[in-house]
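Trainee: Please take a close look at the charged side-chain pairs in this model. Walk me through them, and then through whatever surrounds them.

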Amino acid sequence: MEKGKGIGRRWAVDFTDNSNAPSSRDVPDPLGFSRASLDQDDSTLSRQKKDAEANWKAQKAWEVAQAPFKNLLMMGFMMWMAGSTVHLFSIGITFSALLQPISALQGVGKVFDPYKDSKVDLLAPKLLFIALNLGGLALGVWKLNTLGLLPTHASDWVSSLPPAQEVEYSGGGMPLY
Amino acid sequence: MAIKVFLLLLFLSCSHSVFSIYQDQVGLMDWHQQYIGKVKHAVFHTQKAGRKRVVVSTEENVIASLDLRSGKIFWRHVLGADDAVDEIDIALGKYVITLSSEGSILRAWNLPDGQMVWETFLSGSSPSKSILFVPANLRGDKDNPILVYGNGCLHAVSSIDGEVVWNKELTVEGIDVQELIHPLGSDVIYAVGFGGLYQFDSCQLNAKNGELLRHEKAEFPGGFSGEISSVSSDTFVASDAAHSILVLISVRDGAINFQQTYISDLVQDFSGTAVLLPSKLTGIFSIKIDGFVVFVKVIDEGKLELVDKIDHGAAVSDALPISEGQQAFALIQHEGNKIQLTVKTGHDWDDDLVKEGIKMDCERGLVHKVFINNYIRRDMSHGFRALIVMEDHSLLLVQQGEIVWSREDGLASIIDVTTSELPVEKHGVSVAKVEQNLFEWLKGHVLKIKGTLMLASPDEVAEIQRIRLKSSEKSKMTRDHNGFRKLLIVLTRAGKLFALHTGDGRVVWSLLLNPLRESEECSSPIGLKIYQWQVPHHHAMDENPSVLVVGRCAHGLDAPGVLSVVDAYTGKEINSLGAVHSIVEVIPLPFTDSTEQRLHLLIDANQRAHLFPKTHEAISIIQREFANIYWYSVEADNGIIRGHVLKDNCILEVSDEYCFNTRDLWSIVFPSESEKIIATVTRKSNEAVHTQAKVMAEQDVMYKYVSKNLLFVANVLPKGIGKIGSVTPEESWLVVYLIDTVTGRILHRMTHHGSQGPVHAVLSENWVVYHYFNLKAHRYEMSVIEIYDQSRADNKDIWKLVLGKHNLTSPISSYSRPEVITKTQSYFFTHTVKTIAVTSTAKGITSKQLLIGTIGDQVLALDKRFLDPRRTVNPSQVEKEEGIIPLTDSLPIMPQSYVTHILKVEGLRGIVTVPAKLESTALVFTYGVDLFFTRIAPSRTYDSLTEDFSYALLLITIVALLAAIFVTWVWSERKELQEKWR
């Protein structure tokens, strides 16, 4: 063993062979064993099952995709409650309204991971999910704007401009007494 | 945006701010010093039972009673600026009598507490010498009237209630009285004086009713110079018109006799002129002859005898009667770094009662005045104490060869102030010191915690207060992180520089500037201004900053100037230039050379500009900027403002490449019949402006017209230049101008009808605030003008601004003639104002406060928001949010916003603000007769923790929390383990 380890595996026996396809090796199937019939039998049973599962997954995915909508409504209500002046509460709500969609958008793949299925088309729910979250984000940005925290005015860009330098210099005044 | 949030928070924090301080914060960051000024007269009063005092009057028009033991002020009164004290004396042993305003106001003050007892106005017809004669009242039961001669009229005033008993006009008799003599117990008053140039007059008046008993005249052909000195009750000495003959005048039995003595007979090798010194010694008088003081004794039969001849710079006191028929006087002479005090008796010159040598600081200069007082020692001999006034206006009490106390009263007459940084802290502190400091620190903080938790006993509370006040931190001689510790460098009228520490106001060093002392070239030198000469930034560790002192040799604009450069850390004179060209104007240029010396242009009376420092590097710098340097002159008398530009080198006998001719560029001539310049104001050259934009409500932007070359001029009708109320509202107006001093362009002009000066103004950033009197409303008014640059207003494209494709920060020229608009508003203001200043901070972000020096000698801080031309009666919600205060007709005065809280800065003359390093804070120095220093935060100290923040409490809280976290962590671990075993 000590030696063999260094060289690598020489041989191996595979005790299980559960592949559906005809044996890859050149060994023929035993007599009376029809691989196809077994396959057929099995597939009719599992197809129903799988269809049900796919349906369920699709349904769930749509549910998940629509979830931000409720959130959106609640956020809107909260924002309305917070008013349009800058204070701790309104800032907190606005930032949570901004952060929530962003984190949700980052984890789009993860959210829909459990419902991944070759049969289920996840693109539509995903798009809905993204759209709703973007809507939430837009709401947050709109709130930010109503709070006056977005640099959308000229004043936001010039408020810290230093005064221009003067070319000429002049001094003097009344005679010193 | 972050800045917006910041500004909003700032606004929220300051919207309800009150700038007052708590009672226990007094003295924490402010200090107040009381002075009296240069002493003119001193009268000793040694009550037998009470405290020993001396009553003095000074050149700052102060009357004060000082403690003879410590020099502390018992009481003090500052009379008005035009109410100079002529004479003081003590009457009846309980009243201080002062004669002021050129002999027209006589007042009596209660000696123990300084309360005024009575006041009498004495009128007369023509100005004359003013003489106060308080009869020596030995018995004290008889009311001998006080004799006052002023404005050509002799008054007898009752010393009890100040009622005029009688008065006698003496100008009618054609006599200009020089001396009043009222022998004790006599019914006759003698008044002697001159009638014209050649005539000597002697009058005898009845002391009961002022009736003229006798009037003798005698003519002296040589003429009189006007000086007279009494030698005895009937003998006087005068000098002739040529100052070469002494005339001994004796008035006996109604006959006037003249006896002439040539000074050259008395004094060998006499030439020039002799000045008779006023002294009140019996039998002896003194004359000043070029560089010497000569004492001459009058012996019988009118013979004169030279007694002594001493160096000039000596001071002689008046005679002091010490016992029956005996008089003593003090004489002070200089001997190197010592002064020699000699007390002599009047009758015998060689008999010295006291002869003491006293070590004297040479920075105090010469002795100017001396007053003596005697006391009886235990062995019944006479002891003497002398009150000495020095050249630097300081006051010292000398007794038994020692200086008992001294007062730096030169600080009562500050001319100009500048500041200097302190040295950078050098590392290397000993461990022992740190340990001790640590211990002290801990102790202090433990006490502080006790104080906050209200556990401290009264003693401990007192201890906490003591620690707070006596914090060694604030009086350290090194720079601090917040920039609170600085040196205030002040120039006094005596020509002395003082460096005061901002922490506790102590004098760090003082220097009597030699160029500003009287000398042969400089007859009466005066200091004018101080400028920062060198402010090292690159080599702050090993180079010292220095200041430039500018003075002038005599009054008058064409007198030669004096320059001196002084090291700000050590107080040593580095360099001085005496008697150069005349200096009419000093222009600090915005350029420094490689050693960080600032370039200055000195303008002389012939409108030539002289470059200083005189180095080749300075020449090369100025040649580079030659075309961009302008200067302007304001001729207030002619009503002309002229703009000039440098032309070429001067053509003098000696070629001088540092001298430049100038040429007139523009001039603004005000119509002389309708306008007269009464005030001009410019921006402080070192003021920091944070931004050029002003953001209004609804996100609108206005661009400030921020220019250093802005001049505010206030003109009134020449008629209305007098006092308030001297003209009717119809014939008075005030015209204000904003002028660009490069091009001479008038940016704004406004007329206030029915208004009158005096105008006090302050210009900062893009606004000017000025104070004047509204004759129609019978109230003072304050107006504000804000000036905005309209030509920049169309910079509104966000994308250009985001990408930086705008020209808002590119250099601008005044010749581009930017279009400007102004906004103005006026408000009533209750106080009469002496001076206005504005706070300045390091970056100019903090909102500004106006510092108003009121007539009550206090400093009021008024938020600039109250003087905002955008105020309206009903501001909209957005405007309210922006911080616009609803418009009211008058400016509110909140008692809490007095910077000086309960203190008064007597005789307030100026307010100086200096930015600290901490953006929120500005240092304020107020000077007058008193000095006051504090630091203020116009928007509160938003960038630092408050003074009384308990760091120890914070530390303890953190430690406790950490401990709690650790303990709970251990607990939870253990619990989890137990859970797992279950």
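Mentor: Start with one cut-off: a residue counts as buried when its relative accessible area is under 20%, and as partly exposed from there up to 50%. Keep in mind that this is a predicted model.

Now the charges. Side chains of opposite charge can pair when their charged atoms come close. Over all chains, the structure holds 28 salt bridges. Take B:R683 and B:E687. Their side chains form a salt bridge, at 2.9 Å from N to O. B:R683 has a relative accessibility of 8%, so this residue is buried. B:E687 is at 7%, so it is buried too.

Next comes B:R364 with B:D392. Their closest N and O atoms are 3.9 Å apart. This pair links distant parts of the chain, 28 residues apart. B:R364 sits in the loop between β30 and β31 of chain B, and B:D392 in the loop between β32 and β33. B:R364 is buried at 9%. B:D392 is buried at 0%.

A third bridge joins B:K834 and B:D857, at 2.6 Å from N to O. B:K834 lies in strand β59 of chain B, while B:D857 lies in the loop between β60 and β61. They are 23 residues apart. Here the burial is mixed: B:K834 is partly exposed at 28%, whereas B:D857 is buried at 7%. Back to B:R364 and B:D392: salt bridges with shared partners join them with B:E408 and B:K496 in one network.

Charges also meet rings. B:R53 lies over the face of B:F74, 3.8 Å from the ring centre. B:K864 does likewise over B:W767, at 4.9 Å.

Then the rings themselves. The whole structure has 21 aromatic pairs over all chains. In one of them, B:F670 and B:Y737 have ring centres 4.9 Å apart and planes at 50°, so the pair is tilted. B:F670 is in the loop between β48 and β49 and B:Y737 is in strand β53 of chain B, so the pair ties together parts 67 residues apart in sequence. Both residues are buried. Elsewhere, ring pairs link B:F194, B:F200, B:F220, B:F224, B:F236 and B:F258 into a cluster.

Last, the nonpolar side. In soluble globular proteins, nonpolar side chains tend to be buried together. The largest nonpolar core has 37 residues. B:V56, B:L387, B:F925 and B:L931 touch the most other members. Leaving out residues up to four places away in sequence, B:F925 has contacts that include B:W31, B:I414, B:L488, B:L931 and B:F933.

How values were computed
Residues are numbered from 1 along each chain as its sequence is written. Chains are lettered from A and ligands numbered from 1 in the order in which they are written. This is a predicted model: local features need pLDDT of at least 70, side-chain atom pairs count only at pLDDT 80 or more; totals for chains, interfaces and linings use all residues. Side-chain values use heavy atoms; hydrogens and water are left out. A nonpolar core is a set of buried Ala, Val, Leu, Ile, Met, Phe, Trp, Tyr and Cys residues joined through side-chain atoms within 4.5 Å. Buried means under 20% relative accessible area, exposed over 50%, partly exposed in between (1.4 Å probe, protein chains only). Contact means heavy atoms within 4.5 Å. A salt bridge is a side-chain nitrogen of Lys or Arg within 4 Å of a carboxyl oxygen of Asp or Glu. Helices (H or I, at least four residues) and strands (E, at least two) are DSSP runs, numbered from the N terminus. Rings of Phe, Tyr and Trp (its six-membered ring) pair if their centres lie within 6.5 Å; planes under 30 degrees apart count as stacked, over 60 as edge-to-face and the rest as tilted. A charge sits over a ring if NZ of Lys or CZ of Arg is within 6 Å of the ring centre and within 35 degrees of the ring normal.
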